[in-house]
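Got your viewer open? Let's take a walk through this model, one selection at a time.

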Amino acid sequence: MLEQLDTLEQEALAALAQANDPGALAAWKQTYLGRSASLSTFLGDLGKLPAAERPLAGKRGNEVKRTLEAAYAAGEERINAAVLNHALQSEALDVTLPGRPLRRGRLHPSTLILRRIYAIWAEMGFQIYRSPNVELDDYNFTLLNIPPHHPARDMWDTFYTTEEGVLLRTHTSPGQIHAMREFAPAPLRVILPGMCFRYEQITARSEIQFHQVEGLAVGPGITFANLKATLADFARRMFGEGARTQFRADHFPFTEPSMEVDVECFVCGGKGCPVCKFSGWLEILGSGMVHPTVLRNGGYDPKVFSGFAFGMGPERIAMLRHGIEDIRYFWGNDLRFLEQF
Amino acid sequence: MKVPLSWLKEYVDFDLPPEEIASRLTFAGLEVESIEYIGLAPQNGHIDGLPGEERGPKARGLAWDREKIVVGRVFEVLPHPNADRLVLCKLDDGRTIHTVLTGAPNLFPYKGQGPLAKPLKVAYAREGAMLYDGHQPGNVLTTLQRMKIRGVESYSMICSEKELGISADHEGVMILPDDAPAGTPLADYLGDVILDVKINPNMARNANMVGIAREVSALTGRKLRPPSYLFRASGEPLKKHLRIRIQNPEFNPRFTAILLRDVQIGPSPAWMQRRLSRAGMRPINNIVDITNYVMLETGQPLHAFDWDSLAARASGNAVTIITRTARPGETIVTLDGATRTLDDFTVLVCDEKGPLSIAGVMGGAETEVRDTTVNILLEAAAWDYLSIRRTVQAQKLPSEAAFRFSRGVHPAATLRGLGRAAELMRTLGGGIISRDTVDTYPRKAPVVRVDLPMKEVRRLLGVNIPPRKVAQILESLEFVCRVKETPARRRRSGKISDDDLTLQVIAPDHRLDIGTGVVGQADLIEEIARIYGYARIPEVQIADLLPIQRGNPGLEQEEAARDLLVNLGLQEVLTYHLTAPEKEAAVYPPGMEVPAAEYIRLANPIVPERRVMRCSVLASVLETAARNASRTDRLALFELGPVYLPSGKPLPAEPVQLAIVLAGPRESRDWRPSDRTPADFFDLKGILEGVLSGLHVPSPTFESTRDPRFHPGRCAKILVGGTALGVMGQLHPQVAARFEWAGHDLLAAELNFELLRPYLLRQYPVHSISEYPPVLEDLAVVVAEDVPVERVIQKIRSSGGEIVQSVLLFDVYRGEQAGSGNKSLAFALTYQAPDRTLGSTEAEEIRTRIIRALEGDLAGKVRR
Ligand SMILES: [Zn+2]
């Protein structure tokens, strides 16, 4: 009797292992757990057994039933998973098909580089101060220690308006005077971004308009050594931790001493390449200690205050960073150019 | 300025390689823009694109192999047996005799003369020498190879200047001076390095060999060896024959002159010609060359008059030189033959009959030195640099002399230049120098003294440089220094520190750029830093306290708008702020009267299409749309930037405008079905609503309007709080056509950003979210076609009250069921209270209120 049950259990489990689709599973259920299955018949006929065998047979019979039911549940899960998997297989995609194109807006490359410059200087405590693009001759030149007819004026090719004494600013330096006059005698740390204009032929290398970001720090203890450290910090933030800088004497009428700042060419690592014209260095900044006359024109006593100023061209920096060879791309606004940013 | 190092070495010894000299000058503010090698090899690196590494300034030139290119001596020129246009030269190269084939026309005159009485010295290249190809344009390297030309074997050659890389001249072979020793490597005899030094306005004093030599001396510690300015004068005194009258000493502080008699005009010696050409000046004759040479050497430009022409004009009287400004309408014929009308600021050198020369700029034709000139009046004067500069610009007469005078030459330089030139003319031109110099000096240049406290040096540079070092630097530039104790407050300790010392400095008499007081101190500190070396000044973080921090709200507003527009899928463009009125007028349909705009105009436009400052950003963005039309069917552009409007004040107003242009299908073409319907009015409106809501502008509204630039029925003004910010809509088809978008709908918006600013709040409130369930219901209303949807929505909101959370229009129907002249609007409404669940009665009440309002006030008909 009990051996029969053992055999039945083994047979049923073996059969279940063979069932691999819902049909076979249903048939198995019918065969081993259905109403006319031998196990059901056995359990239904328990009462016909001798009383002494009944408890043991009943216990064992129910045991087998539970085992088969549990096995069925497991089998059902296994087969459902297999069926689902099979169905999913048929839904496979060609993952190399292009994604749905969304319209992505972009900032102009000049805005991008300006924002990067703003962010670096903001962290160093320099905030943004803006002044007009159309300027008085006085602010653009005279107050910056460049008197009328002075040979230093040759350094800037200027657009004049038909209004006497009004011009398109050739640099953001007039903002120095505006800022100083607004804040003197309080110490000052600002950057002066904006569009500048030069009377120049439009070529791959020169444009009639371009951005400039000028910086100015005035205080009771600002030194040339501070200027060097500040610009070296900026260069590292802008061009990478390892960026080396070198400082060359130069001349700007509104600073003294004046200097030109080069950063080691990040294209060739200083070995020499066409971008740095084989010098290993890229000119990125003009700077210097604010000229005493300019400090005085701004409302500071040059005996008590000192300051430094610097200026850079965002488009030039963007050109160096991205290897852009033609400055005309910036205002040309060809989408094939703009969409690369 | 071109500085041949072979010349520079006359005034200062240095054994550093040329590249090192170039680098030191560059770091000291005299940027070497290029290095030209004549026959010599650069220290390290390559030239002219040859492979190899190069650091430092641009270099060009050709190195002459010392073994293969030498001085040769041609002692006989024979005809070629088979060719009329070739000759055979007998040449001694210091080792042996060669027969060299050449077609150089300048050797033909010697053909068949037998052994030459005076052999010719030439540059001789042996087999295998590397040279430039004389027959090819530009500089193409070639190696000299053995070959047969017309039956005669050739393995070497006599070189032209072009083949040696000295100049572009390939007309004939180069003839060397007779003293050239045959067999000597040509590089030793002729080799040179020329630095091209950029002279900044503050370095005018260095636009001469002595100036550069002084810098090299200061930068290397080697002694400066200026030329001698002494001369031997034995001629008749000049004083009784010449009077000087200076009418405007402010323009002509000093005028000096000397007379040379019995000068022989002829070519200048080879060494002088060589130096002049290497410095970029063409040799002419000994007198002109000497004036140029001395100008390049000392920085003092000189002018030579033909004395006899002056004397003839004076008709037997003493010559009277008058310097004055030009009279109205006055003219002069300059030595280039041009008749020039002069401005009232132009300073002239005249005699009693009229102008002789434009002071410091160009001589007159009548009194110039000619081949027949015998007696020379040599002028060395000082002129006001500003008036010279104005004249140079007005007359468009740049020259080496004008370059120097228009940047400032110290009056003390006159006598140095005069003496040096007179002595050279005497020794090289055989003249006799007048026993006296006429020197009129009505406006003495002040002696510039500056007290430089050592404390100031430290205050500005941030580094301690010992006083002794500071003094040594200044003395190396010929300043005179004396160290003194600063006459300051009594010191607590008896010790004297560097800070208690002051340098009393006197500027040398070649400098006009040193000021007085604080400015003079800054001028000196620049010199100290420059020569001390910027690299030696440490990098020190700012010690000053951080000033009060201030933001820039205006810029932040603009950047916020940019970010929103980019997030909405638009591409930012930045365009020219300079334009032309007709370009801006193109945003109006053809034939339309364009509203007159007042422009800020340029006095000196560089091109006509950029002659005014723009009044419209939209026109610029449309130009960009036009430029991209051929390459894309779809664009969404914006620009946020200033326009320039006359303000009644000297400076224009620069209000910021926002312009948006939209065109083409909503979605780009794809492998799946995409929405290819063209963007329309409502796409643009959606963008504007997105930007305005993103900026938290309170309830903007759109109102139908007319604008000649736009489609008459598809244009709206944008209102916020009763202010019209701008217009938007579909551009007039004729305008679209003007901007290369014919047949397409071009959507555009133009907003005055300044009017928007008052509504851009730094803070805005956020409402709490109701925890009670909303009631959702649909409502369809039929209204007359001329009732704007905006009014219907407002009516729903105003009648429903605050409980109406959202009003979403989900259908607009026109047709039979709505009746003609009507439209049916379907809304999904959400009612929600912040503090309770709405009951059905309350919802019904709200609905009833809304229906009553729509039917009563708008004559609508709500479908029930
Ligand atoms: Zn490089």
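**Stop 1: the zinc site**

Keep in mind as you go that this is a predicted model. Start by selecting the zinc ion and the protein atoms that hold it: the SG atoms of A:Cys265, A:Cys268, A:Cys273 and A:Cys276, which sit 2.2 to 2.3 Å away from the metal. Now look at the chain itself, where these donors follow the spacing C-x2-C-x4-C-x2-C.

What is the arrangement of the four donor atoms around the zinc ion? It's tetrahedral, because the angles they subtend run from 101 to 113 degrees. Colour A:Cys265 and A:Cys273 as well: both of them are buried.

**Stop 2: a positive phi**

Next, select A:Phe278, in the loop between β7 and β8 (281-290) of chain A. Its phi is near 65 degrees, a positive value in a residue other than glycine. Why look twice at that? Because most residues other than glycine have a negative phi. A:Phe278 counts as partly exposed, since its relative accessibility is 29%.

**Stop 3: two cis bonds**

Stay with chain A and zoom in on the peptide bond between A:Glu256 and A:Pro257, which is cis, with omega about -5 degrees. A:Pro257 belongs to strand β7, residues 255-264.

Then hop over to A:Ala184 and A:Pro185, whose peptide bond is also cis, with omega near 5 degrees. You'll find A:Pro185 in the loop between α7 and β4 of chain A. For context, most peptide bonds are trans.

**Stop 4: a covered helix**

Now select helix α7 of chain A, residues 174-183. How many of its 10 residues are buried? Eight are, so to speak under cover: A:Pro174, A:Gly175, A:Gln176, A:Ile177, A:His178, A:Ala179, A:Met180 and A:Phe183. To see what covers them, show the elements around the helix, including β2 (134-136), α6 (137-140), β4 (188-197), β5 (209-219), α9 (292-298) and β9 (306-312) of chain A.

**Stop 5: one helix, two partners**

Select helix α5 (residues 109-123) of chain A together with helix α8 (residues 224-239) of chain A; their axes come within 10 Å and cross at roughly 135 degrees. With that angle, the two helices are therefore oblique to each other. The crossing of α5(A) past α8(A) is right-handed. Turn on side chains to see who makes the contact: A:Ile113, A:Arg116, A:Ile117, A:Ile120, A:Trp121 and A:Glu123 come from α5(A), while A:Thr230, A:Leu231, A:Phe234, A:Arg237 and A:Met238 come from α8(A).

Keep α5(A) selected and add helix α10 of chain A, residues 314-322. Here the axes are 9 Å apart and the packing angle is about 100 degrees, which means α5(A) is roughly perpendicular to α10(A). On the α5(A) side, the contact is made by A:Ser110, A:Ile113, A:Leu114, A:Arg116 and A:Ile117. On the α10(A) side, look for A:Pro314, A:Glu315, A:Ile317, A:Ala318 and A:Arg321.

**Stop 6: over to chain B**

Select B:Asn628 in helix α17 (residues 617-628) of chain B. Is B:Asn628 buried or exposed? Buried, because its relative accessible area is 1%. Leaving out residues up to four places away in sequence, B:Asn628 touches A:Asn333, A:Asp334, A:Leu335 and B:Leu635.

Then try helix α13 (residues 467-476) and helix α14 (residues 517-532) of chain B, whose axes come within 9 Å and cross at roughly 95 degrees. That angle makes α13(B) roughly perpendicular to α14(B). Where they meet, α13(B) brings B:Lys469, B:Val470, B:Ile473 and B:Leu474, and α14(B) brings B:Leu524, B:Glu527, B:Ile528, B:Ile531 and B:Tyr532.

Another residue to click is B:Leu424, in helix α11 (residues 413-429) of chain B. B:Leu424 counts as buried because its relative accessibility is 8%. Beyond the residues up to four places away in sequence, it touches B:Met272, B:Ile290, B:Tyr293, B:Val294 and B:Gly429.

**Last stop: two loops**

Finish with B:Glu740, in the loop between α19 (733-738) and β39 (746-752) of chain B. Phi of B:Glu740 is near 65 degrees, positive although the residue isn't glycine. At 55% relative accessibility, B:Glu740 counts as exposed.

From there, move to B:Pro774, in the loop between α20 (753-756) and β40 (775-784) of chain B. B:Pro774 is partly exposed, with a relative accessible area of 40%. Its contacts, not counting residues up to four places away in sequence, are B:Thr830, B:Tyr831 and B:Gln832.

Note on methods. Residues numbered from 1 in each chain as written. Chains lettered and ligands numbered in written order. Predicted model: local features only at pLDDT ≥ 70, side-chain atom pairs only at ≥ 80, totals over all residues. Heavy atoms only, no water. Donors = N, O, S within 2.8 Å, 3.2 Å for Na, K, Ca; no water. Tetrahedral: all angles 85-135°; square planar, octahedral: opposite > 155°, others 65-115°. Buried < 20%, exposed > 50% of the residue type's maximum accessible area, 1.4 Å probe, protein only. Axes fitted to C-alpha atoms, helices over the stretch in contact; angles between N-to-C directions. Helix = DSSP H or I, 4+ residues; strand = E, 2+ residues; numbered from the N terminus. Parallel < 35°, antiparallel > 145°, perpendicular 65-115°, else oblique. Left-handed = near helix turned anticlockwise from the far one by under 90°. Contact = heavy atoms within 4.5 Å.
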